[in-house]
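Subject: Structure handover and notes

Hello,

Here is the structure I said I would pass on. My notes follow below it.

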Amino acid sequence: KLPARAIALISHPKRSIRTLTEGRVRMHPDSEFVPDLLRGLRYGRDPDIRIRCARLLEDYPTTPEARAGLREALKDPSVTVCFRAAQSLAGQASKDEQEYVRDQILATEPSLELGYLIFSLLLQQESTGELLVDDELFGIFRQLLGNDDIFLSGIAGSAVAEYVFRSDVEENLDTLERSLPLVLVRAVGGVEFYPQFARFSPFAETSLRRISGQDFGNRNRRAWIEWFTSNRETFQLVR
């Protein structure tokens, strides 16, 4: 049994000590570690410390304080920490974890936090192989396609793309055929970089492949811009 004070070593100046400590703590999870992990997640002096704490808090999915701390971390100034917290919130995609993420999406106004919550939902959907975007969420995400933030509109576009591809929705498809590829190409093309680009753009590219039937392999992502420019007037969604 590791003492709770062992968590302090996650903040050690040497990365090797941090890694060793994280491995040992993961092997011996204990609810006594949660308060110190939460302190590290909130106040860790560099992103590496906060990422490790977010990763370890995933082992406590039934602890309300751990879940609340991860939800709060979606406001972290480091994009990498936010993505790690979103991944921990997605967890193993249990029914309880799915319900929590869905409830948080419904309760959150359009913001970067909402974008990370949608990312959690898509990770759960990928893990389970089930369509988790229902009619209510589809309506919310569709409205977000017009958001000015490239990440938020792009992640909403990925969710809409999954819903359209897997469901039998027929209403206003012509509108989606104009707006959906635009927000996804904008998130992938690299004409304008944004903080979440490195982590999210491969996700958006997968959605583009799905709804377009196109795959440009290892070519520069600008290939999607060229494709969209040539096909925007005649594009039809692959169902």
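Is the crossing of helix 9 and helix 11 left-handed or right-handed? The crossing is left-handed. Please keep in mind that this is a predicted model.

Helix 11 and its partners

Helix 9 covers residues 150-166, and its axis comes within 9 Å of that of helix 11, at a crossing angle of roughly 35°. On the helix 9 side the contact is made by F151, G154, I155, S158, A161, E162 and F165. Helix 11 answers with F200, F203, A204, S207, R210 and I211. By class, eight of the residues in this contact are nonpolar, three are polar and two are charged.

Helix 11 (residues 197-212) also meets helix 10 (residues 173-188); here the axes come within 8 Å and cross at roughly 145°. This crossing is left-handed. Helix 10 contributes L180, P181, L184, V185, A187 and V188 to the contact, while helix 11 contributes F197, F200, S201, A204, E205, S207, L208 and I211. The residues of this contact divide into 11 nonpolar, two polar and one charged. F200 of helix 11 is thus one of the residues in the contact with helix 10 and one of those in the contact with helix 9.

Loops around helix 11

The loop between helix 10 and helix 11 holds G189. G189 counts as buried because its relative accessible area is 5%, and the cut-off for buried is under 20%. Setting aside neighbours within four places in sequence, G189 is in contact with R221, R222 and I225. W224 is 35 residues away from G189 along the chain, yet their C-alpha atoms are separated by 6.2 Å.

On the other side of helix 11, D215 is found in the loop that leads to helix 12 (222-231). D215 has a relative accessibility of 53% and so counts as exposed, the cut-off being over 50%. From D215 to R199 the count is 16 residues in sequence, and the C-alpha to C-alpha separation is 19 Å.

Helices 4 and 5

Helix 5 (residues 79-90) has 12 residues, and at 1.5 Å a residue it should span 16 Å; its end C-alpha atoms are 17 Å apart, so the two figures agree. Nine of those 12 residues are buried, which leaves helix 5 mostly covered. The buried residues are V81, C82, F83, R84, A85, A86, S88, L89 and A90.

In helix 4 (residues 64-72), the buried residues are A66, R67, G69, L70 and R71. They pack against helix 2 (34-43), helix 3 (47-57), helix 5, helix 6 and helix 7 (112-128).

From helix 5 to helix 6

Just after helix 5, G91 takes a positive phi of about 55°. A93 also has a positive phi, of about 60°, although A93 is not a glycine. A93 lies in the loop between helix 5 and helix 6. With a relative accessibility of 7%, A93 counts as buried.

Q98 has its place in helix 6 (residues 95-107). Q98 is buried too, at 12% relative accessibility. Not counting residues up to four places away in sequence, Q98 touches A93, Q124, T128 and L132. The loop residue A93 is therefore among the contacts of a buried glutamine, Q98.

Cysteines

How many disulfides does a search of the whole structure find? The search finds zero. C53 is in no disulfide, and the nearest cysteine sulfur, that of C82, is 15 Å away. Why is C82 not bonded to C53? The two sulfurs are 15 Å apart, which is too far for a bond, since a disulfide needs sulfur atoms within 2.5 Å. C53 counts as buried, with 2% relative accessibility. C82 counts as buried as well, at 1%.

If you open the model, the contacts of helix 11 with helix 9 and with helix 10 can be looked at together. The buried residues of helix 5 and the cysteines C53 and C82 can follow.

Regards

Methods:
Residues are numbered from 1 along each chain as its sequence is written. This is a predicted model: local features need pLDDT of at least 70, side-chain atom pairs count only at pLDDT 80 or more; totals for chains, interfaces and linings use all residues. Side-chain values use heavy atoms; hydrogens and water are left out. Axes are lines fitted to C-alpha atoms, for helices over the stretch in contact, and angles run from 0 to 180 degrees between N-to-C directions. Helices (H or I, at least four residues) and strands (E, at least two) are DSSP runs, numbered from the N terminus. A crossing is left-handed if the near helix is turned anticlockwise from the far one by less than a right angle, and right-handed if clockwise. Contact means heavy atoms within 4.5 Å. Ala, Val, Leu, Ile, Met, Phe, Trp, Tyr, Cys and Pro count as nonpolar, Asp, Glu, Lys and Arg as charged, and the others, Gly among them, as polar. Buried means under 20% relative accessible area, exposed over 50%, partly exposed in between (1.4 Å probe, protein chains only). The expected span of a helix is 1.5 Å times one less than its number of residues.
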